[in-house]
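Work through the exercises below with the sequence and model open. Try each task before reading its solution.

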Amino acid sequence: MANVSVLGLGAMGSRMAANLIKAGHQVTVWNRSPQAVAALVGAGAKAAQTPREAAAGADFVVAMLRDNEASRQVWLDAETGALEGMSAKAVAIESSTLTAEWIRDLGVQMSGRGVSLLEAPVVGSTPQAEAAQLIYFAGGDAVTFARTEPVLKAMGSAITHVGPLGYGALAKLSTNTLLGIHVTAIAELIGMLKHANADVARVLEAVGTTPVWSAVAARVSASMLAGNFAPQFPVELIEKDFGYTLQTAGSDSSAPTIAASRNVFRNAVEKGLGKDNMTAVVKLFT
């Protein structure tokens, strides 16, 4: 078993840390706010006051953070950053949804300090994190991937090494973008069907018998029709990911369909739906 530190204990990170504890690893945790720390300490984790303290003595340091800016601060802050506390033999695992550009930059800075980086963004929401059924897109060199795979298996059920640093981020952004387009399209179709005074559930059930329907379409439409918007993947986070995709594409005009879907989520944020599940965008059309 390894000494593993987890930085960021939101809905995903807290569950990932819990599964590492269940797998028998020695786990140290850090979070900006202390509430999430207490439950994990009760389960057997050690609490740290800073990312640097958490990383000291760790074999692996896992980060699950909001965005590029949070990743930069948590890893690289000159006083409290995790990199300052890591030994040259340690491996950094960045599981946040970030841009490929930032991941490559982070890799260069870590390499300069003798630390190996594996990017390992995840597909799945809180139920999959709870059940250790996350899907990982790993980016980095083969040696680092091989060292890290046993740790990832404590949290996920499928791990794909997609290529060098940056490829994991690109795979994750592509996945989230396709998901978001599904969400906006189905929300608009439900709005159209209601405007036409149709039995929405009946019509969608018929569409669901065709090859164009998917498992995600079934889950998304069920959430919308039930009015269940408890956050698993909040509107504000998928809007952030769309922004990263468009940044990578170069401009809105290079990806007009993606840009249009991003504007739906942006509008939802402006209307106060940012903390709700992504499926809450249906409220814009019904």
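**Exercise 1.** In which hand of crossing, left-handed or right-handed, does H9 pass H13? The model is predicted. Find the crossing, then describe the packing.

Solution.
- Locate the helices. H9 covers residues 167-195 and H13 covers residues 256-270.
- Take the geometry. The packing angle is about 65°, and the axes are 9 Å apart.
- Classify the angle. Angles of 65 to 115 degrees count as roughly perpendicular, and H9 and H13 are therefore roughly perpendicular to each other.
- Assign the hand. H9 passes H13 in a left-handed crossing.
- List the contact. On H9, Thr177, Gly180, Ile181, Val183, Thr184 and Glu188 take part. They meet Thr257, Ile258, Ser261, Val264 and Phe265 of H13.
- Sort by class. The H9 contact with H13 has five nonpolar residues, five polar and one charged.

**Exercise 2.** At what angle do H9 and H10 pack, and how far apart are their axes? Give the orientation, the hand and the contact as well.

Solution.
- Start with the numbers. H9 and H10 pack at about 130°, with axes 10 Å apart.
- Check the class. The roughly perpendicular range ends at 115 degrees, and roughly antiparallel needs an angle over 145. H9 and H10 are therefore oblique to each other.
- Assign the hand. The crossing of H9 past H10 is right-handed.
- Name the residues. Ile190, Leu193 and Lys194 of H9 meet Val200, Val203 and Leu204 of H10.
- Sort them. The contact of H9 with H10 counts five nonpolar residues, no polar and one charged.

**Exercise 3.** Why are H4 and H6 described as roughly parallel to each other? Identify the residues that join them.

Solution.
- Locate the pair. H4 spans residues 68-76, and H6 spans residues 100-111.
- Read the axes. They come within 11 Å and cross at roughly 5°.
- Apply the cut-off. Angles under 35 degrees count as roughly parallel, so H4 and H6 are roughly parallel to each other.
- Pick out the contact. H4 brings Asn68, Ser71, Arg72, Trp75 and Leu76. H6 brings Trp102, Asp105, Leu106, Gln109 and Met110.
- Sort by class. The H4 contact with H6 has five nonpolar, three polar and two charged residues.

**Exercise 4.** How much space lies in the largest pocket? Work out what lines it.

Solution.
- Take the volume. The largest pocket holds about 1,400 Å³ of space.
- Find the centre. The lining has 50 residues, and Met12, Gly124, Ser125, Gln232 and Phe233 are the closest to the centre of the largest pocket.
- Map the elements. Those giving at least two lining residues each are H1 (11-22), S7 (122-123), H7 (126-130), H9, H11 (215-226) and H12 (235-249).
- Rank them. H9 supplies the largest share of this lining, six residues.
- Sort by class. The lining of the largest pocket has 22 nonpolar, 20 polar and eight charged residues.

**Exercise 5.** Which residues lie nearest the centre of the second largest pocket? Describe its lining.

Solution.
- Take the volume. The second largest pocket measures about 180 Å³.
- Name the central residues. Of 14 lining residues, Ile186, Leu189, Val207, Val212 and Trp213 lie nearest the centre.
- Map the elements. H9 and H10 (200-207) are the ones that give two or more residues to the lining of the second largest pocket.
- Rank them. H9 gives the most to this lining, with seven residues.
- Sort by class. The lining of the second largest pocket has twelve nonpolar residues, two polar and no charged.

Methods:
Residues numbered from 1 in each chain as written. Predicted model: local features only at pLDDT ≥ 70, side-chain atom pairs only at ≥ 80, totals over all residues. Heavy atoms only, no water. Axes fitted to C-alpha atoms, helices over the stretch in contact; angles between N-to-C directions. Helix = DSSP H or I, 4+ residues; strand = E, 2+ residues; numbered from the N terminus. Left-handed = near helix turned anticlockwise from the far one by under 90°. Contact = heavy atoms within 4.5 Å. Nonpolar A, V, L, I, M, F, W, Y, C, P; charged D, E, K, R; others polar. 1 Å grid on protein atoms, 1.4 Å probe; cavity = no way out; pocket = protein on both sides within 12 Å on 5 of 7 lines; lining within 4 Å. Points joined across faces, edges and corners; volume = space filled by probe spheres on them.
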